[in-house]
Amino acid sequence: MKIKNILIAGSVCFFALVGCTNIDETVYDKYQPDEFYGTPKGADIALASVYAQIGGNWDGVGYAGADLGWYDLNSMCADEQVIPHRNTGDWGTDFARTYQHDWLPTDTMINNTWNWLYKSVFNANLAVNQLELAGADASKIAEAKVLRAFFYYLLIDDFGNIPFYTDNNITVDKIPQANRQVVFDFIVSELKANVDLLPTGKGGELYGRFNKWAGYTLLAKVYLNAGVLTGTPKWAECLAACNVVDGGGFSLHSGAEDAANPLKSKYYELFGDVLPQDETILSIYTTVDVVSRNIFTVRSLYGAHCRALFGYDGWNGTIVPKEFYLKYQDGDVRKNQFLVGQQPGGANYTLDVTSLDDPGAGAQEGVRNIKFYPVAPRGGGGASNDFPIYRYADLVLMMAECNVRLGNAGAAKPFVDAIRTRAGISGLAGNPTLDDIYDERGRELNWEGHRREDMIRFDKFLLPNQFRGLSPEYRKIFPIPTSALNANPALKQNPGY
Amino acid sequence: MKKKSKNTGFLYRVFQNDLKLKLTTLLILVAMFSIRGNTYAQKTKVTLELNNSTIEKVIETIEQKTDFRFIYKLNDIDLDRTVSISVKDQNIYVVLDRIFKGTQTEFKVRDTQIILKKPEIKTHVIEFEKQTVMGTITDENGLPLPGASVFEQGTKNGIITDFDGKFKITVESSQSVIVVTFVGYTEKKFTADQKVINVQLFPDATNLQEIVVVGYGTTARKDVTGAVSSIAAKDMNQGAIVNPLQLISGKAAGVNINQIGSEPGSGPSVRIRGVSSLIGGSDPLVVVDGIQGNLDLLTSIPPTEIESIDILKDASATAIYGSRGAAGVILVTTKSNKNGKSTIEYVGSTSIDFIPKKLNMLSAAEWSAAAASNGVPASSNHGADTDWYGVLTQTGFTQSHTLSFGGGTNKLNYRASLTAISQDGVVINSSNKKYIARVQATQKGLDDKLKLTFNLNNGVETSTRTIADVGRSGQVSNLISQAYLMRPTDPVFDTDGKTYFTDPGLFQYINPYAVAEKTINDSQWDNLFGSLKADLDLAEGLQAGWFGSWRKTNKTTGFYLPVSSTDPGAVRQDGFGNITNERQNEKLMDISLTYKKTFGVHSINALALYEWQNQTYEGNFLQARGFISDVTSYNALQYGDMSKVIYNDIRSYKNDRTLASFVARANYTLLDRYLVTASIRRDGSSVFGANNKWGNFPSASVAWQITKESFMSNQTLINELKLRAGYGVTGNQQGLSPQGSLSLVDGAGSTYFGGSQITNFNISQNPNADLKWETKKQTNLGLDFALLDSRLRGTFDVYTATTDNLLFNYTVPQPPYPKSDIKANVGSIRNEGLEVSLGYDVIRNENTTFTLAGNVSFMRNEVLNLSGSINGIALNTDYVAWGGGTPNMYLIKGQPIGTFNILEHEGVNASGVETVVDRNGDGIIDQGARSPDRVIKGSALPTYTFAFNPSLRYKNFDASLLLRGSGGNKVYNLVNQRSSYLENIGKSNVLDSALDKGIRTSPYGSDIWLEDASFIRLENVTAGYNFVFKDRFLESIRLSLTGNNLFLITDYTGIDPEINLNGSNSDNAYFGGDRGIYPRTRSVAFGVIVKFK
């Protein structure tokens, strides 16, 4: 009897413990999406995080990121810059392969670009959704939608037919690979519907953000490249969009001599710390190590030279190909950005580069570039120069191009001459040809991320250069990265790869 | 009060406290005074209806129905005799007469007492010839054996040896046989024909008498139904052991202990029956005296304080641990004081450690020639001749000291110890020091019904480590591997002799000597854990238990990297320092009821248990950069440049995991030969998705002791033969970090928005509310045997284990997911294997034992399926890159995990670029996962492992040897790949072999870097001698000499083919990929054990 009693008592105790089964999870150190984004402040953060995607950083993230991202891919496949393999063993041959139009679908640059752009689209979708749920200002919702259009534009430009979606609550089978035209049409209609809702102010809390003028510049860019993207040019539409921006009170920043400026011209303020509002339409705010980083000068300069100038070693990477450098004439303030010959720190840069890959360039071969002359805070990891995504000079040349394309070269001339005059050189002798505009865009906008697009639009992209022969047509579009194909076998690789 | 004792021994002295004997005493008094008449017996009528019942059952029935109580000596009555009886309303005398008629049993009834006994014919003779024998019992080393049982055969007359192994026993006659037994030793019998007899016992090689620790309890080896390997202290590896796993390396089949390099403080990984999970849930559960923990719990106990290690391998054994049991369980029992004995013991060892092998890199002259012919400018040659590897390495020393002592009485027992372990590594500025203090005490109370066991373990570990990840971009590895990459013509110092040499012409030049000298990387790990166990006897066979444990660790790491270290990160940041604090609290509590009972031929042992566990992890991190002086290093972070503080310089975290579990288990034994065990555990874990918090983990196993069958009784060839079969379901949730199922918003650096810098946030994880445990279903078939007078012993086990609902970070397409992976239960993998352990005593006599022992296991792993769906949408995840960074490694359906699916090396083209075979001839080398140009070339998982472990004992001398190996797998040699491309020769050294290969550069990672990883290693050779003293103070001294890693036979061209195979898939884990390891040392160790009196 005793045993029984104990057993019963024991069992009761035992099963009373069934209450001790609370295993709910407590999250102590993270936010949960619904409660976080579900407030006006949270919705704002969702919008901010889309802009955070534009700022550049390590691991190929950002519009002008540090190494192996969208900027390197789109700049080094063009004619304006490349990092050669050095015969000292420095630098791999991946940049050289990009320059030689020999990229592979497995290349890090291509993979980084894809992942960055699609994460940006996700963030933009999230922002649109959360701002709508929070009943935010129409201008903010419009801003998020314009950002999304911006990223989709970069996607179709690089990759052609791409997965297209606007709602994050979707499964992959509902995201077919959309035709370039379909996405193009979406971008145009989305921009047309939203750019007028954007604020018209400049600077202050709108610095680094899409205002109405940046929105129209994007629309103009999309129209400018419509022929490439869809086969149907839209020069008149482009010109119309440019004209809206032109009414936004922009002007070319002074190109006057300035002894205080390291590059001896006020022109270089356009690539300095806070970019001047007269010319800058959209920029990336940069404080190195905190928000974005600008590595373009430190990556270019030879170690000891950079040390002599700034106290930290340069990476001895990027050079400007001789052919491109020779496009500049003496007296052009824009030539001040290039360094050839004897430099402080014992460096002596040569005009010629003997080899891009095997055995590689000599340590001090190649023209260097200091367009983004480092502003503080700066160091071996980069500098704090802001980066211009769109500026008025670009727009001026776009207006010139549209006029020429529309058979109105006479109307184009003042635009081109304005750019040339500001640079301290004479205007064109006659009306501009397409080649004149192409070269002027090269000289004015080098290292600003536009060159591949321009080369393709002007049919120069496939032409041979010192380090490669004629490229096949399919190289105008990058391959979809292997990792994306692995993750989603429904995707179709671009032809040729 | 009258159950036949199942104890095969005899009536211990302790038995005197038994209620039955007290009753007997009382009864005698009653009988003497004969106060009461036999009225009850006269009046009471008994009705019985029993067929083929044992006497025991009959007695029990009578006792249940009446107030009669039987009193008897166990040996006097044959309780197993069966009778049939049918009586109705009969007087007790009639009943007893029927039961015992024709037997030797006499009975007497005194009121309600019935006394049964044998006729007293012999009594006089016995009185006459009584013989007293005394002597000492010693163990195999000639040391006194306290607590051994000495008893007269066929009686319950016996005693236990005292502290000095002495006994004194009075037996019936000089012809009586005296039996000496001790757990784990072969029993000895002798005739009591002398007054003084000394006996030496030897360990029982069959181990079948051993006590085996199983989950939440212990059982005798003979009753084990699952696959359990047990290693007692005496069988463990010797030498300069710093981690408990080193004790059992090579000792158990199917238990692979993998030490990667000998970095001070780094422990080996262990895999029981292979890798069965893909996200790091393959670490076994560690249970130290009931305290459950991860593998790091092992590093906090001193190896010298381990009594035994039991490894639960199959699911029928591990299912009791439910969702923590899938990867196997390592049960560690620490030493406790032997009942009442007092001991003082010192155990020490010192070893000298060397680097056995270096890679063949170009010498200074060879490099100069090769560089010149590869277009490297002369300015890259700095003209020195530096042995960088030599500069960074030294002879290492390892020491270990333990002082332990204990004592007590029957009621109280304690043991305490203090351990110090110190390692100075073979790479400069790497060391580890560990101090551990332990106390263990057992107290009995409530008339011995309550037993309290208390354990407290307090350790401090300080270590100085070399920097783990350093190097130019693309060449990041551990520090010592950087030494290989240094151009031999670079000097260590500039011409001034003090400034570390750097080459400003090179991007991210690193001087590894400067890094080693200038990096400060100190950590201190405080480790405190304790437990209290209370067992209360509620009634015969029924015990209630409470167990609580708490482990608290606190790790602080201080790191400082000054500009002078030449590390590019440090240079870029103007030097930086940081402090990391990590705290862990692991609490566990369980409440249990156990019931053991034997009913005749039936015996049951049942357990019911509730368990609650919580593990909390929290910590913080502080960092500053831009120091004016390096003097204060990380000790004054506030001296850094506060204007340079950036996001993540200050951060903290906290997360936890809670488990609640209900466990039930029953063992049933019939006739001591048919054994059945069944268990079920219901586990709830907080880390699972909201829809799947709870899981059930059942198991069942059976065993058949064939040798106990009557048909086996006539043969002498087979001493033991046991067949086992088991099936069980276990889970894995430990590989899943907390919060893994939720969608979370996490900080993501800073951004600029609205005119100011603000903290940015992103969705940091793809959610999965269905996330649950992995389910591992395992079937095991085993055979234990002992033949030829137990000289040949062995175990065979075959198993098949399938892990379903495989947890993994599955790749999801981007778009639409913001992150490229999601934690989900999708695929399944299968492990199958065969394990054989054999031991044979070539010589076995009083003076000499020579045993050949070994084990071999074969295993096969296959990914059965990787496709599944998440939220109803098919996910095609076949051909997933896997391996934590190892190139060309994939998970492919139908192949083992870690399969190399790789391009085939073809040659080198005119410009020195490697070419690979275009297998489908389409002119394109497709590098996609499913590329037709790829070919499957084996896996990183070994298909067999083996160990050979002969041992010899001759009188007081012993020697043993452990040869261990594995094979059937490949290693991807990243070190070779990194040190072979001639394009790098301008900035770094290359291997001798690189010149023959002539590969300038390559866009591929081809099979030219894939190598066979089979090896045989002479892991341990030990010789020892025991000096035994008849001294007042000293009991014995043991001296031993151990050689470790004395030779390695392999075709692998890297440093060591034993590289990471733990399968955690964490970043930079490099499963099956050699990206450079801390050298694995060759060592010679001297050991001493002193036992004081």
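# Exercises on a predicted two-chain model

The loop between helix H15 (992–997) and S55 of chain B contains B:Asp1007. The model is predicted.

**Exercise 1.** Decide whether B:Asp1007 is buried or exposed, and state which residues it is in contact with beyond its neighbours within four places in sequence.

*Solution.* Start with the accessibility: B:Asp1007 has a relative accessible area of 16%. The cut-off for buried is under 20%, so B:Asp1007 is buried. Next, list the contacts. With neighbours within four places in sequence left aside, B:Asp1007 touches B:Ile902, B:Leu903, B:Glu904, B:His905 and B:Lys937.

**Exercise 2.** Give the strand order of the open sheet that includes S55 of chain B, and explain why one side of S55 and one side of S58 lack a neighbour.

*Solution.* The open sheet has three strands in the order S55-S54-S58 (chain B), and its pairing is mixed. Strands S55 (1010–1012) and S58 (1073–1074) of chain B are at the edges with a single partner strand each, so one side of each has no neighbour in the sheet. For the pairing of strand S54 (residues 970–973) of chain B with S58(B), two bridges are found, and the strands run parallel. Within this pairing, B:Tyr972 is opposite B:Gly1073.

**Exercise 3.** Work out how strand S15 of chain B is enclosed and how it is joined to S20 of chain B.

*Solution.* Strand S15 (residues 228–232) of chain B has five residues, of which four are buried, so the rest of the structure largely encloses it. S15(B) is joined to strand S20 (residues 306–312) of chain B by five bridges, and the two run antiparallel. One pairing to locate is that of B:Ala232 with B:Ser308 in S20(B).

**Exercise 4.** State how many disulfides the structure holds, and examine A:Cys242.

*Solution.* Over all chains there are zero disulfides. The cysteine sulfur closest to that of A:Cys242 belongs to A:Cys238 and is 4.1 Å away, too far for a bond. A:Cys242 is buried at 0% relative accessibility. A:Cys77 is also buried, with a relative accessible area of 0%.

**Exercise 5.** Describe the interface between chain A and chain B.

*Solution.* First, the residues: 84 of chain A are in contact with 79 of chain B. Second, the area: about 7,000 Å² is buried between the chains, with carbon and sulfur atoms giving 64%. Third, the polar part: there are two salt bridges between the chains. A salt bridge links B:Arg572 to A:Asp289, with the closest N and O atoms 3.8 Å apart. Residue pairs in polar contact number 18. Helices of chain A that each supply at least two residues of the side touching chain B include H1 (2–16), H3 (40–54) and H6 (108–133).

**Exercise 6.** For the salt bridges A:Lys145 to A:Glu132 and A:Lys327 to A:Asp439, find which parts of chain A each pair ties together.

*Solution.* The whole structure has 81 salt bridges over all chains. In the pair A:Lys145 and A:Glu132, the N to O distance is 3.6 Å. A:Lys145 is in helix H7 (residues 138–159) and A:Glu132 in helix H6 of chain A, so this pair ties together parts 13 residues apart in sequence. A:Lys145 is buried at 19%, whereas A:Glu132 is partly exposed at 42%.

Turn to A:Lys327 and A:Asp439, whose closest N and O atoms are 3.2 Å apart. A:Lys327 is in the loop between helix H14 (322–325) and strand S4 (338–339) of chain A, and A:Asp439 is in helix H17 (residues 434–445), so the parts tied together are 112 residues apart in sequence. A:Lys327 is partly exposed at 26%, and A:Asp439 is partly exposed at 23%.

Technical notes:
Residues numbered from 1 in each chain as written. Chains lettered and ligands numbered in written order. Predicted model: local features only at pLDDT ≥ 70, side-chain atom pairs only at ≥ 80, totals over all residues. Heavy atoms only, no water. Pairing = 2+ DSSP bridges. Disulfide = S-S within 2.5 Å. Buried < 20%, exposed > 50% of the residue type's maximum accessible area, 1.4 Å probe, protein only. Contact = heavy atoms within 4.5 Å. Buried area = accessible area lost by both parts, 1.4 Å probe. Salt bridge = Lys/Arg side-chain N within 4 Å of Asp/Glu carboxyl O. Polar contact = N/O pair within 3.5 Å; in protein donor to acceptor, adjacent residues only side chain to side chain.
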